[in-house]
Amino acid sequence: HRQRGLQHQAQQPVRGPRPLGGGTRAVIFGTHINKYYVKYAGWLLLGLAALVLVDYIQLIIPNLYQQVINGVNLGWVEVDGQRLPFDLDFLLDRICLPMVWIIIAMVVGRFLWRICIFGAAIKVETGLRNEMFDHAKDLSRQFYQENKVGGLMSLFTNDLETVQDCYGSGFLMFFDALLLGGLSVIKMWGMDPVMTGLSMIPMALLLASSAVVGKYMMKKWDIRQEAFSQLSDFSQESFSGIAVIKAFVKEAKELLAFQRLNRENERANVDFTRASVLLRILVTLFVESVICIILGYGGWLVWRGDFNAGELMEFIGYFTSIVWPIMAISELIDMTSRGRASLKRISALLDAPRQLGLCATGSSILTPRKSVTAVIGVREAGVETPPQKRSCESCSLRESCAYRKAGSTCQVEK
């Protein structure tokens, strides 16, 4: 049987395990991961508070740059409507000392949100892994015949790592892009609404193109994971049947089949990498186009006298702060595309029905259906039985009773 299987495998295109279906279509939410948001809500909220603090504090730095540039060019700095001389005391008290406190606060805040958010992501991966292992022990032999070892290995390695990244880094990127990007746009809008609007036009085009590329990348990620599953499954079967392969001299056919699988795996990885690089090129193109717009229009405002050099540098500093949120959005689209595909595969394993022993469905019906159901009650007080009337029918000596032979009963004698 092994020999026929090897011949058929060498002659036909190698097929991988049947892809695991099911799951959810939400970005990072699903039946089996939503509970972890509630379970680790405290850690996530603490990390989010530290992230808000860091994002707010780092937007003070462009204003300090503006004061330094204006102080060097003009010899004075306008602070709260007052002109202050730009001397050594101003530099130490108003620039250097606040910068030191900003650096300390950012170091502590970033350390805190890394511990809270990434620590929660590691705990989520551990919980999902244990849940998957406990569920896999109760699955039937038919399930493991339809879903081979290679596919299951990819679930416990690549897919779990992807879900962990999407839970931790995805949470960070989403809120960091929302908070830092929103605060930066508010600062920019307060300085010049027209230049802010011109800067946001390429960003809108970037979001639209990223959404299209993200869907394409999700399909490529599914193909990549399927190719990895096929390669892992073929390697496991070849190692298991190495004695049979050598006995029937099938090494050449096995090598040809393995080479074909490697080419398919390489092609799938190259296609996914090509799509990922394309997304990064789009991000760089749109960001550089915005820099050109700011320099062109902002230089014209400086020439007219509406802006000075310090204010232009402050505006560029605010825009530089939203470059990371823009990059984070592209990374988030890439990451969530992979996370959704991986979570769908993991959910299929966890949703697979148990077929070992007695199990209960969602409607509390036992499976298999021919199981015997018993109801057991527990009570503290003892069970009282009603007193039974003595009679010859319940007597153990009724067959050899002398009273019965005489035509009477012991009750009459009493």
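## A charge over a ring

Which residue lies over the face of tryptophan 76? Arginine 83 does, at 4.0 Å from the ring centre. Keep in mind as you explore that this is a predicted model. With that said, let us step back and look at the whole chain.

## The chain as a whole

The protein chain has 13 helices and four strands. Of its 414 residues, 38% are buried. The chain exposes about 24,600 Å², and carbon and sulfur atoms supply 63% of that area.

You can also ask how far apart in sequence the touching residues are. Among contacts in the protein chain with a separation of 6 or more, 83% are between residues 24 or more positions apart.

## A nonpolar patch on the surface

Now look at the outside. Leu97, Val100, Trp101, Ile104 and Val108 make a nonpolar surface patch of about 510 Å². One of these residues, tryptophan 101, lies in helix α5, which covers residues 88–136. Is tryptophan 101 buried or exposed? Tryptophan 101 has a relative accessible area of 57%, so it counts as exposed.

## Aromatic rings in pairs

How many aromatic pairs are there? The count comes to eight aromatic pairs. One of them joins tryptophan 113 and phenylalanine 118 in an edge-to-face arrangement, with 6.1 Å from centre to centre and 80° between the planes. Its two members are covered to different degrees: tryptophan 113 is buried, at 8% relative accessibility, whereas phenylalanine 118 is partly exposed, at 29%.

Another aromatic pair is made by phenylalanine 171 and phenylalanine 175, and this one is tilted: the centres are 4.6 Å apart, and there are 50° between the planes. Both residues sit in helix α7 (residues 149–191), and because they are four residues apart there, about one helical turn separates them. Phenylalanine 171 has a relative accessibility of 14% and so counts as buried, while phenylalanine 175, with a relative accessible area of 22%, is partly exposed. Together with Phe174, Phe171 and Phe175 form one aromatic cluster.

## Salt bridges

Side chains of opposite charge can pair when their charged atoms come close. A search of the whole structure finds six salt bridges. One of them brings together the side chains of glutamate 125 and arginine 129, at 2.8 Å from N to O. These two residues are four residues apart in helix α5, so about one helical turn lies between them. Glutamate 125 is buried, with a relative accessible area of 13%, but arginine 129 is partly exposed, at 29%.

A second example is the salt bridge of aspartate 159 with arginine 345, whose closest N and O atoms are 2.8 Å apart. Here the pair links distant parts of the chain, 186 residues apart: aspartate 159 belongs to helix α7, and arginine 345 to helix α11 (residues 309–351). Aspartate 159 and arginine 345 are both buried. For a further salt bridge, look at arginine 304 and aspartate 306, where the closest N and O atoms are 3.1 Å apart. Arginine 304 is partly exposed, with a relative accessible area of 46%, and aspartate 306 is partly exposed too, with 43%.

## Two residues hidden inside

Let us finish with two buried residues. Serine 184 is found in helix α7. Why does serine 184 count as buried? Its relative accessibility is 0%, and the cut-off for buried is under 20%. Which residues does serine 184 contact, leaving aside its neighbours within four places in sequence? They are Leu59, Tyr318, Ser321 and Ile322.

Phenylalanine 315 lies in helix α11. Phenylalanine 315 also counts as buried, because its relative accessibility is 0%. Leaving aside its neighbours within four places in sequence, phenylalanine 315 is in contact with a set of residues that includes Met188, Met191, Asp192, Met195 and Phe307. Others in that set are Thr196, Ser199 and Ile294. Take one of these partners, methionine 195: phenylalanine 315 and methionine 195 are 120 residues apart in sequence, yet 9.5 Å apart in space from C-alpha to C-alpha.

Technical notes
Residues are numbered from 1 along each chain as its sequence is written. This is a predicted model: local features need pLDDT of at least 70, side-chain atom pairs count only at pLDDT 80 or more; totals for chains, interfaces and linings use all residues. Side-chain values use heavy atoms; hydrogens and water are left out. Patches are made of residues with over 30% relative accessible area and no salt bridge: like charges are joined within 9 Å, nonpolar side chains (Val, Leu, Ile, Met, Phe, Trp, Tyr) within 5 Å. Accessible areas come from the Shrake-Rupley method with a 1.4 Å probe; for residues, only the protein chains shown count as cover. A salt bridge is a side-chain nitrogen of Lys or Arg within 4 Å of a carboxyl oxygen of Asp or Glu. Buried means under 20% relative accessible area, exposed over 50%, partly exposed in between (1.4 Å probe, protein chains only). Rings of Phe, Tyr and Trp (its six-membered ring) pair if their centres lie within 6.5 Å; planes under 30 degrees apart count as stacked, over 60 as edge-to-face and the rest as tilted. A charge sits over a ring if NZ of Lys or CZ of Arg is within 6 Å of the ring centre and within 35 degrees of the ring normal. Contact means heavy atoms within 4.5 Å.
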